[in-house]
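Subject: Structure handover

Hello,

Here is the structure I said I would pass on. My notes on what was found in it follow below.

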Amino acid sequence: MMNKLLCHKTTDREVHKSTYSLVSCGELTADTLQLWNGLPDEIKKDPSFDQIRQKYEELGDSGDINNVQNGEKRAKFTINNDPILVPNNEHEGFLIQDHENTEVLCASPQDRKKHDQAKITRYYIKMSLLLGCWVFFTGVFLTHNEKEEIYKTTAVLPGDINNYTLNTLNAEAISIKINGPFLSARDERNLNSSEYDSADKMLVWLEGDEISQPWYITLSDNLNYNTGEMRYHIFQLNKTSYILKLRTTASSVTAFKLSFDLNPLDGSTGVIYAIILLFVLYVLIIFEIINRTMAALLVSTTSLAALALVGQRPSLPELISWLDVETLLLLFSMMILVAIMAETGIFDFLAVFTFEVTKGKLWPLIFLLCIITAVLSTFLDNVTTVLLMSPVTIRLCEVMDLDPVPILMFMAIYSNIGGTATPVGDPPNVIVASNKAVINAGIYFTNFTAHMSVGVVFIVLQTTLQIKYMYRDVNKLRLRVPREIQELHHQISIWRRAADSLPHLSNGVAVVREGLERKIVKLNKQLKNMVKERNKRACPKDTFRSTLVELKEKYKIRDKGLLIKSSVAIIFVVTVFFLHSIPELNRVSLAMTALLGAILLLLLADRMDIEPILHRVEWSTLLFFAALFVLMEALSKLGLILYIGGLMEQVILKVDESSRLAVALMLIIWVSGTISAFVDNIPLTTMMVRVVVSIGTNPKLNLPMAPLIWALLYGACLGGNGTLIGASANVVCAGVAEQHGYKFTFTKFFKVGFPIMIGHLVVCSVYLLICHCVFEWH
């Protein structure tokens, strides 16, 4: 009987005019009025609270707020448009229910109890594991000191041997680091046998119970003591004291800086730690156990604890140096520009314009947005393009009753494709194009764009066909929940947060609490009826022309003066971005350019209060990137990326010389592409460019540098389309979507992005093999 009562269908009268007053027999006390003053404006302006608002204003004007507790003059009121008599048993048969738990509430008591117990169990398991992780890294930080590297600056005279006594009684290995006028390990490998034999060298060895094999370091011809090359070597020990000895074959004094670490991290152990950390990060994000920013913070902090356990805990200055300030500053600056520009109404106007051009047709509209995004990304940073285009896309989808999430995913994918074409389009391109070894190999703006753009054209065609096939059922692009229901969900969440924020120990809040709870129940009843009555979402009922006229009337440019000022700032930023291709004018970084543009627009806008603008900055996205940068650097120090690069080099060496270029291209593009799908491509590119340059300059392999660079860039840039955290544009797009109330999940992006990424890599592989193995374009 009770279940029937709880699940009873709500009548129209219950929805539109409750039989219960929202606040019945309430008393307007000083606590009530003080609490009312602290409620959100959206709550206080609700029509159902007109009486309490008027009473508050009357008492406030008369100065009698503190006297409302007089026994005979307590204000009793209802918060409905008309007073309704309330029965004494008003709560009988009354249910406060959440729309998300409707099925559970209508189930049997035993099923509800099991559901509640399972939910509580999952919660305690999750919190136990997360708090256990926190206890782990907190305990490690409290018991392990920061790494202190003490460098000894000294010199070796010609014919002399320097001796240094080391306390290595309890050590099994020691890492010797020497910074001086040496050739890099890569340049040393490039020497032929006669050059290597004739070059001056420094010899380093250990003497104790036994004498170690000497470590030969080739000296540079240019003994520049201002800039040195760091070299390191690991010696195995027998837990006894040793003497470190150094001498040179040079005829002049050799100055250097020396340091050492006892028991350095074993490479295989570090790789295992790194794989475990990545696995935990992806479990937290894929299954949405916690917020993705919190997941990145938790795992990156745990990675620091792992480094601390092996004696490599970084200091705070070193930790800050791991952050890619260029990327973070670029994101922050462009967020400021977009936040101010959005106030002009330009994005709404562009949405209506695109709707008019495509005549409301679905696929022309989607692909027009995607192509515009790709073209803009070739000249602007793709993160900047996503920030500019996301509000347009969301507004347009809302106009056409489309689900913005898949279309935003398409847009992020096309922005990564377009950014691949030029040196300034994608952060990995900027990293590679500014590398000295790449510049010395003759790769510059023109040939970079020529080689990459041809492949991008084929990738755009492949992506368009694949998306059209994957979404051949266009109902997948429709909104499953109408806007009216979404808005009602949002309204209920606002009222619920207000009710939950009330204090529980004060009797004076009963009036407001009762009003809020009854309003929530009323909205829930309305939501329940709306959900039952709605049908599957179809196209808008109005004709295209009437809809267009209505949209043009509603969405206009709101502030033309601010639009002109915003255009000046954007034109400045884009112009200076273009000037980066001219070496003589390339003196300001992309991030600094964006910051200058943001400052210019803030000055032109002449705002006395910039807090509203700063509130629109995606701080959680910036924090997510910062945590990822720390994690990737920690994984690098644990040896994961170098381990993968070493394996690649070994595989290429085992292949016949005639097939090495093809094998190298396939290895680089598929390894970098696959890893880039699961690791942010900015730190990955920073590490992989060293590996590729090492392979390209290795005389044993004898491979051309340019095709290897193209393979790396195709893999790193396009591999980012595989997962949500694979590319910066994906994360930024997800942040903008969530800011507008649309949830971006890892799994949803993976289902769309990963198959498309595989198609990217297949097309690029065929393109590179034909161009560089068949026609030898390089």
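To begin with one helix, the buried residues of H15 are Leu362, Trp363, Leu365, Ile366, Phe367, Leu369, Cys370, Thr373, Ala374, Ser377 and Thr378. Please keep in mind throughout that this is a predicted model. The cover over those buried positions includes helix H14 (346-357), helix H16 (382-399), helix H17 (404-419) and helix H20 (445-470). H15 itself runs over residues 362-379, and its 18 residues reach 27 Å from first C-alpha to last, close to the 26 Å expected.

As for the chain as a whole, it contains 33 helices and 8 strands. Of its 778 residues, 49% are buried. Among contacts with a separation of 6 or more, 82% are between residues 24 or more positions apart. The exposed surface of the protein chain comes to about 38400 Å², with carbon and sulfur atoms supplying 58% of it.

Next, the nonpolar cores. In general, nonpolar side chains of soluble globular proteins tend to be buried together. The largest core here has 168 residues, and those with the most contacts inside it are Leu281, Leu635, Leu708, Ile709, Trp710, Tyr714 and Phe744. H27 gives the largest share of this core, 12 residues. Leaving aside neighbours within four places in sequence, Leu635 touches Ala274, Leu277, Leu278 and Leu640. Another core lies apart from the largest one; it has 22 residues, including Tyr164, Leu166, Tyr242 and Phe256.

On charged pairs, the structure holds 10 salt bridges. Three of them are described here.

The side chains of Glu318 and Lys147 form a salt bridge, with N to O at 4.0 Å. Glu318 is in helix H12 (residues 316-321) and Lys147 is in the loop between helix H7 (109-143) and strand E1 (152-156), so this pair ties together parts 171 residues apart in sequence. Is Lys147 buried or exposed? Lys147 counts as buried, because its relative accessibility is 18% and the cut-off is under 20%.

Arg231 and Glu188 make another salt bridge, their closest N and O atoms being 3.3 Å apart. Arg231 sits in strand E6 (residues 229-236) and Glu188 in helix H8 (residues 185-190), so distant parts of the chain, 43 residues apart, are linked. Both partners are buried: Arg231 has a relative accessible area of 8%, and Glu188 has one of 15%.

The third pair is Arg616 with Glu343, whose side chains meet at 2.8 Å, N to O. This salt bridge links distant parts of the chain, with Arg616 in the loop between helix H26 (611-615) and H27, and Glu343 in the loop between helix H13 (325-342) and H14, 273 residues apart. Arg616 is partly exposed, at 33% relative accessibility. Separately, salt bridges with shared partners join Lys147, Glu318 and Lys637 into one network.

That leaves Lys637, which lies in helix H27 (residues 619-637). Lys637 is partly exposed, with a relative accessible area of 37%. Beyond its neighbours within four places in sequence, Lys637 is in contact with Leu265, Leu307, Glu318 and Trp322. The C-alpha atoms of Lys637 and Gln312 are separated by 8.8 Å, although these positions lie 325 residues apart along the chain when counted as a separation in sequence.

Regards

Technical notes. Residues numbered from 1 in each chain as written. Predicted model: local features only at pLDDT ≥ 70, side-chain atom pairs only at ≥ 80, totals over all residues. Heavy atoms only, no water. Helix = DSSP H or I, 4+ residues; strand = E, 2+ residues; numbered from the N terminus. Expected span 1.5 Å × (residues − 1). Buried < 20%, exposed > 50% of the residue type's maximum accessible area, 1.4 Å probe, protein only. Contact = heavy atoms within 4.5 Å. Areas by Shrake-Rupley, 256 points an atom, 1.4 Å probe, with all protein chains shown as cover. Core = buried A, V, L, I, M, F, W, Y, C linked by side-chain atoms within 4.5 Å.
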